[in-house]
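Let's take a walk through this one together, a stop at a time. Have the viewer open and follow along.

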Amino acid sequence: IIYGSPFGLAADGNHLVTQETLGHSLFPNGNFSWSLASGDFNQDGRDELAVSVPNMTVGGHLEAGAVHVLWGAAKALSTAGSRYIHQDSPGMKDQAEAEDKFGASLTSGDFNGDGKADLAVGIPFEDIGNKEDAGAAQILYGHAENGFGNNVFICRDGFETGEDILGASAAGDMFGYSLTAGDFNKDGAEDLSLGIPGDDAGGPDSGAVHVLYGTFLGLTWFNEQLITESKLLPSGGALPGQPGAGNNFGWSVAAADTNGDGFKELLAGAPGTDLPAKPDAGAFLLIPGSAAGLTGTGALRVHQDGGKKETGDKNYAVDGEAAAGARFGSCLVGGGDFNADGEEDTVAGNPFRDNGDDTDCGAALIIHGSAAYGLTYQTDVEWFTKVRHRVMGLVTDLAREEAGGKGAGRLFGHNEFLDATHVASSTKTMTLLLAVEAIEAGLATLDDLVTVSELAGTTGGSKLGTYDAEGKEELDGEGKEQPFIQPGDVMPLRLLLAAMMNNSCNRSSVAIGQHIAEKVKGNQHEFINMMNQRAADLGLAESVFGHPAGGWVTRPQDLVTLLREGVRHPLFVQFSSLEFYGDQPEEVLCGTDIMENAKCNGPFPQMMSMGLYPGRLAWKGGNGGLWYNSDQALNVPARPSAAWCTTSRVATARRLDRTLAVGLQQTGDGAGDVQNMLDYGYRRLFTPDARGAREFPEAGGKVGPEGPVRVKTFAIDAWEGAMAVTAVIDDHEELRINVWSLDFNSRQVIPAGHASQTCHLLPGAAWREPALVDLAPVPSQEAVSDLISANLTGERLELKIWRVGQNP
């Protein structure tokens, strides 16, 4: 359990709760915490936590299920006196039976509007008569004194008190498989939605949702609604869904006020929905609330088949791509206003979403609310993991690395020895290095005209857009990017290098690689060979290259080693640190197209992958990755079985004449993590290192002839040759001067002589209050700075010597 704080979730005070913590023996395969719900059941101002154990054995009944309730307390949830509830608990309606799975779903809501939260417990595998797995739910109403008072048992045959509801229990319905609470009619009492994913009304396992409305009496059958994907019964109108066998409508349910009108909307998942040629792709319905309850007016069917647009008949296609077996909508969360616009947002789970080579890695789609439409696909975004690996990082002092070899400059590393991963566009630093070395060798020039091949001009991923004279990107009529580099173009090498490093243009990278390979090896297909050979020359033992724009599998040390070589070349630094290209006379922006017509771009900015860090020197970043096929270049190595890049960063900075390099892989906050690592590196490099200490006078010794007396005031200075002097005046106004030899390597402060003189105050003179600490720099060739400090501690001085930024 992680508690909130004014600064967000706080690690301090967190604790782990198990059944053993709650006074029960650990139960194998009990699935403790399968579902959770919180609410203030006793109205004391503190929320309680309900934790289910759906496979718990109760009274000898296997998998009958149970729920623990932890009480809220002043500082944290209390495990003392927690309630243990099951269907054989005193006063509970119905009784425990094998394989009921009491607690398979939980939710809380104030169903009778009395200010106390009530707990709804799903029992989806409850047998009703001879109807196996028909399902049921148990409602435990909140109570001020003991947490819970009355309880009610509900199945599709009605309330245990005799009131009938729409529909009838049938084997395999799984009534109560999912639960959510929300005030759909804004009457002050929350309503309960129960998913029935096994309902067969629209075909086997087509699914349904039952809504019971809250009143001052609690949940009743008044105004109830039974919902299929195509209609609300007995009233509410038509819905835009299409019932079908295996859709499992009601597999998930959630509530959110997505249009900000005060009425909660119902979100109901149908993850088994088939889309054209994509079985089990998944979808969900958004059903608006109103004063009369849920209504088909304004309802939407949401899926991923169509690419962020309204596809007709109130069907909305959101971000991502529908895929067979993805089961979009398997889980739904509503109620959070992530962008604080007054309309609550929706998160839709996509648990079996594939991403590249990563199978079933899953994804989550965040869909913002909209006052006009209930949701908007304009700003939605799909988050996925690509089997996210842990962050790997290294910050290195390049001066120490030069002096001591690879690894000698390490100031801080994190997971740098985990399995190698892709670094995507950080690969372009090798492409730049090879181009710079070819130019320095006289084999190429910045003014070379490079013909953009079909392969280069059609490379996907990041591109150089088209910019106006003010450096603003120009989009087409549909608001899309207009790639400047096209097949058949002839462009200056200088412009292509800037496009590669400023805008991470993959097309430029491929064109540069082919051109440099032709100039150096006489064969444009040799560039991958050149990359891997140069890696071997530099000792990049963990590296494999397979594409000039985004094909590098490596670890952080090799990133840093390549940077160390790169920053030795002024041209490498020039192109990897351009913050804007095209505002200087030599920064050409024009070439020709395939028809030999002149084409010019406007000036364009740099992607600031390390932010505006002081002393920034060279940088690049990337995400994703590319790899040549064997027919696109010679000797392309097989792509290693490595995770694709989420975000990578390489960066160097120079401060106080010391250059640090950072290599980051799988980072969640690229620029922020680069800056934090550089800050840490410089703090560690320049934080004074205490080298030695001495007390004057020695403990228990004397300053003057009448001692022991305290030091009244003092001064300190230092000069060439690692020498320092202290001057002390004691209570008897005797001046004592001591000379010290400072050895920073052996960490010693050594007396080198002394002199004494008695001084007398002039009439009316007063002593100035002494400083508690004084500091003097010691001239040094061995570090950024050597220092001596004197600290007045009672009757004595404490002398210390310090070294800052030791030279390698």
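Start with Asp133, which counts as partly exposed because its relative accessibility is 29%. You'll find Asp133 in the loop that runs between strand 8 (118-123) and strand 9 (136-143). Its backbone deserves a look too: phi of Asp133 sits near 55°, a positive value in a residue that isn't glycine. Keep in mind as you go that this is a predicted model.

Asn223 gives you another case of positive phi outside glycine, with a value near 60°. This residue is also in a loop, between strand 16 (218-219) and strand 17 (225-227). Is Asn223 buried or exposed? Its relative accessibility is 64%, so Asn223 counts as exposed.

Move along to Pro234, in the loop between strand 18 (231-233) and strand 19 (237-238). Check the peptide bond leading into that proline: from Leu233 to Pro234 it is cis, with omega near 0°.

Now for the helices. When two helices pack, the things to quote are the angle between their axes and the distance between those axes. For helix 2 (residues 428-440) and helix 5 (residues 506-521), the angle is about 35° and the axes are 10 Å apart. As for handedness, helix 2 and helix 5 make a left-handed crossing. Which residues of helix 2 and helix 5 meet? Helix 2 brings Lys428, Thr431, Leu434, Ala435 and Ala438, and on the helix 5 side are Asn506, Ser509, Ile512, Ile516 and Val520. Sorted by character, the residues of this contact come out as six nonpolar, three polar and one charged.

Ile516 turns up again when you look at the largest nonpolar core, which has 64 residues. Along with Met430, Leu497 and Phe575, Ile516 is among the residues with the most contacts inside that core. Several elements give two or more residues to it: helix 2, helix 4 (493-502), helix 5, helix 6 (527-537), strand 38 (551-554), helix 7 (556-566) and helix 8 (570-576). Try centring the view on Leu497: leaving aside residues up to four places away in sequence, Leu497 touches Leu432, Ala435, Ile439, Leu446, Ile512 and Phe575. Ala435 and Ile512 are familiar from the contact between helix 2 and helix 5. Another core, of 21 residues, lies apart from the one around Leu497, and its members include Val69, Ala117, Val121 and Ile128.

Last stop, the cysteines. How many disulfides are there? If you count sulfur pairs within 2.5 Å, the total is one disulfide. It joins Cys590 and Cys600, with the sulfur atoms 1.8 Å apart. Cys590 belongs to strand 40 (residues 590-592) and Cys600 to strand 41 (residues 598-600), so the bond ties together parts ten residues apart in sequence. The torsion about the S-S bond of Cys590 and Cys600 is about 115°, which means the disulfide is right-handed. Both partners count as partly exposed, Cys590 because its relative accessibility is 36% and Cys600 because its value is 48%.

Why is Cys505 not in a disulfide? The closest cysteine sulfur to that of Cys505 belongs to Cys590, and at 16 Å it is too far for a bond. Cys505 itself counts as buried, since its relative accessibility is 0%. Cys155 is buried as well, with a relative accessible area of 7%.

Notes:
Residues are numbered from 1 along each chain as its sequence is written. This is a predicted model: local features need pLDDT of at least 70, side-chain atom pairs count only at pLDDT 80 or more; totals for chains, interfaces and linings use all residues. Side-chain values use heavy atoms; hydrogens and water are left out. Helices (H or I, at least four residues) and strands (E, at least two) are DSSP runs, numbered from the N terminus. Buried means under 20% relative accessible area, exposed over 50%, partly exposed in between (1.4 Å probe, protein chains only). Axes are lines fitted to C-alpha atoms, for helices over the stretch in contact, and angles run from 0 to 180 degrees between N-to-C directions. A crossing is left-handed if the near helix is turned anticlockwise from the far one by less than a right angle, and right-handed if clockwise. Contact means heavy atoms within 4.5 Å. Ala, Val, Leu, Ile, Met, Phe, Trp, Tyr, Cys and Pro count as nonpolar, Asp, Glu, Lys and Arg as charged, and the others, Gly among them, as polar. A nonpolar core is a set of buried Ala, Val, Leu, Ile, Met, Phe, Trp, Tyr and Cys residues joined through side-chain atoms within 4.5 Å.
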